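Here are a few notes to read alongside the model. Keep the 3D view open and pick out each residue as you go.

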Amino acid sequence: MGFRVGQGLIERFTKDTARFKDELDIMKFICKDFWTTVFKKQIDNLRTNHQGIYVLQDNKFRLLTQMSAGKQYLEHASKYLAFTCGLIRGGLSNLGIKSIVTAEVSSMPACKLNSHFLQMFLAIIFQVWCFLFVSCFCYLENI
């Protein structure tokens, strides 16, 4: 459900904006404009390794603020983030980026959302596969 809602929201929010230059601009839009419209605040921290992995951190996530800060709720907190992961994944999908979005809660009410862009992930897997193939071929040729 979050995926479909994210697609619809991004379509509505970006109808009057210029095209994005690259993936980093898209993620900045998600962290500032999209997050502000949905959750009434910006993402507190955005990190990237410039290889298709982005980590969004919200130190006071609205859906978790009403839960107790005790450790007994930590294991259940990620269930409340499934819809939010879908929102981000759907929004990115509508902007042309296939991704995997996962959530992590280490202390309440903070959360980290990890977004792995599949284009980069698949390219890395392909490079590793090509390296292994060439290595095996060279090894067999020497036998």
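1. Let's start with Leu-92. Setting aside residues up to four places away in sequence, Leu-92 touches Ile-26, Met-27, Ile-30, Ile-97, Ser-99, Ser-115 and Phe-117. Do bear in mind that this is a predicted model.

2. Where does Leu-92 fit in the nonpolar core? Along with Leu-56 and Leu-64, Leu-92 is one of the residues with the most contacts inside the largest nonpolar core, which has 28 residues. At least two residues of this core come from each of helix H2 (23-39), strand S2 (53-58), helix H4 (82-94) and strand S4 (111-117). H2 gives the largest share, eight residues.

3. Now look at Ser-99, one of the residues that Leu-92 touches. You'll find Ser-99 in strand S3, which covers residues 99-104. Is Ser-99 buried or exposed? Its relative accessibility is 7%, so Ser-99 counts as buried, the cut-off being under 20%.

4. What does Ser-99 contact, leaving out neighbours within four places in sequence? The list is Arg-89, Leu-92, Ser-115, His-116, Phe-117 and Leu-118. Ser-115 and Phe-117 turn up in the Leu-92 list too.

5. Zooming out, the protein chain has five helices and four strands. Read from the N terminus, the order is α-α-β-β-α-α-β-β-α.

6. Last, some whole-chain numbers. Of the 143 residues in the protein chain, 31% are buried. If you take contacts between residues at least 6 apart in sequence, 55% of them join residues at least 24 apart. The accessible surface is about 9,300 Å², and carbon and sulfur atoms account for 58% of that surface.

Notes. Residues numbered from 1 in each chain as written. Predicted model: local features only at pLDDT ≥ 70, side-chain atom pairs only at ≥ 80, totals over all residues. Heavy atoms only, no water. Core = buried A, V, L, I, M, F, W, Y, C linked by side-chain atoms within 4.5 Å. Buried < 20%, exposed > 50% of the residue type's maximum accessible area, 1.4 Å probe, protein only. Contact = heavy atoms within 4.5 Å. Areas by Shrake-Rupley, 256 points an atom, 1.4 Å probe, with all protein chains shown as cover.
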